[in-house]
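These are my notebook entries on a structure I looked through. I wanted to record how its chains relate and which side chains pair.

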2 protein chains.
Amino acid sequence: MASSLLSDCSSCATSRLLPLRRALHPPPPRFRPSPAKAPPTPRSLFTAAAPLPLLPRARSMAAASSADPATALADGSARIIDGKLVAKQIRDEVGVEIARMKEATGVVPGLAVILVGSRKDSQTYVRNKKKACEAVGIKSYEVNLPEDCSEYEVVKNIATFNDDPSVHGILVQLPLPRHMNDENILNAVSIEKDVDGFHPLNIGRLAMQGRDPFFVPCTPKGCMELLHRSGVEIKGKRAVVIGRSNIVGMPAALLLQKANATVSIVHSQTKNPEEITRQADIIIAAVGVANLVRGSWIKPGAAIIDVGINPVDDPASPRGYRLVGDVCYEEASKVAGAITPVPGGVGPMTIAMLLSNTLESAKRIHNFK
Amino acid sequence: MASSLLSDCSSCATSRLLPLRRALHPPPPRFRPSPAKAPPTPRSLFTAAAPLPLLPRARSMAAASSADPATALADGSARIIDGKLVAKQIRDEVGVEIARMKEATGVVPGLAVILVGSRKDSQTYVRNKKKACEAVGIKSYEVNLPEDCSEYEVVKNIATFNDDPSVHGILVQLPLPRHMNDENILNAVSIEKDVDGFHPLNIGRLAMQGRDPFFVPCTPKGCMELLHRSGVEIKGKRAVVIGRSNIVGMPAALLLQKANATVSIVHSQTKNPEEITRQADIIIAAVGVANLVRGSWIKPGAAIIDVGINPVDDPASPRGYRLVGDVCYEEASKVAGAITPVPGGVGPMTIAMLLSNTLESAKRIHNFK
């Protein structure tokens with residue numbers, strides 16, 4: 001029963017009616033945990049409400065070519081923006097560039113990852129990054145520090161990588177243990193090697209006209225890349241970003257703004273999120289609330305980038321849960337012009353953009369065009 | 001005739017119909033020049049169109065108390081947010097704090113201004129800042145460099161002030177001569193003394209949740225102060241910022257967002273600025289186009305902060321021109337709940353906030369609470 005409720009998005013029927021300030025509270029972490037057994041979605045949020053009536057279908061976006069990463073669904077609904085495919089294209093391009101650089105200069109880009117503690121999910125992400133680096137020819141460096149190490153030890157390791165000419169990107173895996181100050185640690189990363197793009201100087205340059213950041217944060221950069229490669233026009237379009245986290249929502253809004261969209265940011269204090277979202281030609285949802293954005297929130301033909309990866313309980317699944325986005329895919333795919341699936345949308349893009357940022361850094365440091 | 005056309009805002013009747021991408025192009029400089037004879041507004045933009053029909057009056061905002069800086073107009077239309085009065089209140093408060101600090105610590109806050117070249121308007125601004133500093137007890141330092149000096153000379157002077165413990169704020173008067181790179185020069189100002197708040201690190205911290213900038217840029221800070229002191233609620237309200245310059249529009253949008261408004265940014269590429277602006281409970285107009293925002297753009301009861309100070313020709317004036325805002329005051333004051341006049345609105349706030357930032361810097365450097 002729960003699974004059928006979930007499949008028609010009614011799991012969020014109540015949360016939609018709750019004030020968004022409560023529903024939107026938790027910002028999505030940089031990489032969402034993939035627990036062995038996901039925490040079940042609170043039962044009190046489940047009500048067997050009828051699905052909302054859908055708006056009439058429209059296909060205002062240009063039809064996808066066969067080589068387009070946004071391919072039409074068999075049933076004629078929204079084009080799926082295939083993040084796996086785009087991410088693979090990017091990894092291939094990065095691999096080719098790295099080979100060219102190595103041949104011309106002898107330099108191999110290097111990425112250092114610092115992992116503090118032994119969270120299973122963080123270990124998985126670090127392992128995946130390492131694998132992805134190897135596949136494209138980036139040398140990866142790893143430091144594992146115990147959960148109870150001091151902030152000073154982390155900063156000392158960052159300083160070593162800052163000074164190491166074979167390292168072009170440094171990444172501190174989040175979340176950090178509670179006794180550490182994220183800001184102090186992230187600020188210790190040299191601005192030239194901050195491939196995550198989280199340094200406030202990077203964010204400031206992202207916000208300013210006439211300036212460019214050293215690095216664009218990976219997940220929002222991935223969102224933009226999906227839009228660009230799917231042929232979604234941004235300039236002059238209305239865009240709504242749902243969520244304003246430092247790592248996705250806020251930089252995504254700045255990027256859309258830089259690309260000349262007219263941007264509105266919907267967040268936990270927004271009183272009429274549905275009405276505002278319905279005006280958008282482009283929606284980036286990055287709020288970490290399962291199925292929050294219903295079909296009725298969507299302007300026919302809009303392009304939707306769904307950053308959320310939320311575990312919801314699903315007895316029919318062998319793991320007892322499955323992953324859904326912030327957007328009710330079933331409803332949205334009947335209204336939107338293009339949409340990213342979850343999983344397989346934004347998810348694969350984050351690591352691809354990390355590889356791209358590391359290459360970019362190595363090219364800049366070695367002045368290789 | 002021109003003056004009567006201007007008085008009913010029809011000077012912008014055509015520009016309203018022009019695509020905003022053309023009309024919104026010039027970003028407002030930090031301080032608007034006050035030329036001896038202002039350049040006349042292009043005659044081709046003038047057409048004797050009838051004023052737009054006004055929306056019904058509404059007074060959704062709380063009634064102003066007698067001590068409120070937003071006082072009711074005699075004719076019962078929008079409350080005027082009196083920037084002169086608020087700026088005076090702030091200067092008085094700053095003066096009291098400086099006296100308290102001096103008595104307790106012996107420290108007198110110091111502000112250094114670097115002026116390059118001999119633009120009349122820049123000289124006037126620097127003189128006004130000096131006067132304002134003296135009036136509240138801030139010691140002012142001034143360096144005048146010739147128009148043809150090198151970037152290196154400017155940076156060298158900045159470095160001297162960076163190292164001078166009696167200087168707590170450093171300001172480089174803009175615009176700089178064309179042969180100089182603004183970015184290099186502004187970045188040379190120590191982040192602890194960047195009372196203008198233009199350093200990208202400051203902007204980044206302004207954009208990020210959980211971070212605070214060392215300094216908030218003076219004009220947008222002044223806009224927020226006007227809203228706060230006029231009792232305009234921001235949290236949960238729809239806000240539209242018109243213009244996205246690095247020195248006003250963009251930081252104003254970030255400040256509104258930080259204050260939990262739902263913010264949309266209208267700019268030169270926005271296709272339907274009127275429709276979007278009409279949704280706003282709060283409008284900050286900072287685009288540098290005379291009378292762009294008409295009555296029909298305004299939601300009844302909205303609060304309007306007009307940053308524009310645009311010279312338009314006026315044969316009836318002894319100087320041949322007069323100053324108007326980006327908002328058609330005559331129309332807007334009949335629709336809005338509260339509005340800043342031009343001049344006498346945001347203008348006086350900028351220097352007041354500069355004094356406030358200089359005091360804040362001295363307090364921080366000397367750890368004085």
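Entry 1, a salt bridge between chains. I looked up B:E183 and A:R205 and found that their side chains meet in a salt bridge, at 3.1 Å from N to O. I note that the model is predicted. The pair crosses between chains, running from helix 7 of chain B, which holds B:E183, to helix 8 of chain A, which holds A:R205. Are the two partners buried or exposed? With a relative accessible area of 19%, B:E183 is buried; the cut-off for this class is under 20%. A:R205 is buried as well, with a relative accessible area of 15%.

Entry 2, helix 8 of chain A. I next checked the helix that carries A:R205. Eight of the eight residues of helix 8 (residues 200-207) of chain A are buried, so this helix is largely enclosed by the rest of the structure. Among the buried residues I listed A:P200, A:I203, A:G204 and A:R205. Against what do they pack? Within chain A, I found helix 7 (182-188) and helix 10 (249-258). From chain B, helix 7 (182-188), helix 8 (200-207) and helix 10 (249-258) take part.

Entry 3, the relation of the chains. I looked up the operation that superposes chain A on chain B, and it is a rotation of 180° with 0.0 Å of shift along its axis, at an RMSD of 0.0 Å. That is the relation of a two-fold axis. In chain A, the C-alpha nearest this axis belongs to A:G204, at 1.8 Å from it. I also recorded that the same surface serves both copies, since 100% of the contact residues of chain A recur in chain B. A:G204 is also one of the buried residues of helix 8 of chain A.

Entry 4, A:A188. I found this residue in helix 7 of chain A. A:A188 counts as partly exposed, at 23% relative accessibility. Which residues does A:A188 touch, not counting those up to four places away in sequence? They are A:V155, A:I158 and A:N162. For A:A188 and A:V155, which are 33 residues apart along the chain, I noted a C-alpha separation of 6.3 Å.

Entry 5, other salt bridges. The count over all chains comes to 30 salt bridges. I looked up A:E142 with A:K130, whose closest N and O atoms are 3.2 Å apart. This pair links distant parts of the chain, with A:E142 in strand 4 (residues 139-145) and A:K130 in helix 5 (residues 120-136) of chain A, 12 residues apart. A:E142 is partly exposed at 31% relative accessible area, and A:K130 is partly exposed at 34%.

I then turned to A:E360 and A:R364, which form a salt bridge with closest N and O atoms 3.9 Å apart. They are separated by about one helical turn, because they lie four residues apart in helix 13 (residues 347-365) of chain A. A:E360 counts as partly exposed at 30% relative accessibility, as does A:R364 at 37%. Finally, I recorded a network of salt bridges that links A:E93, A:E225 and A:R229.

Entry 6, a sheet in chain B. I found three strands forming an open sheet in the order 4-3-5, with parallel pairing. Strand 4 (139-145) and strand 5 (169-172) of chain B are the edge strands, each pairing on one side only. The twist averages 15° from one strand to the next. Strand 3 (residues 110-116) and strand 5 of chain B pair over four bridges in the parallel sense. B:I114 has B:V172, in strand 5 of chain B, as its bridge partner.

Technical notes:
Residues numbered from 1 in each chain as written. Chains lettered and ligands numbered in written order. Predicted model: local features only at pLDDT ≥ 70, side-chain atom pairs only at ≥ 80, totals over all residues. Heavy atoms only, no water. Least-squares fit on C-alpha atoms with pLDDT ≥ 70 in both. Contact = heavy atoms within 4.5 Å. Buried < 20%, exposed > 50% of the residue type's maximum accessible area, 1.4 Å probe, protein only. Pairing = 2+ DSSP bridges. Axes fitted to C-alpha atoms, helices over the stretch in contact; angles between N-to-C directions. Salt bridge = Lys/Arg side-chain N within 4 Å of Asp/Glu carboxyl O.
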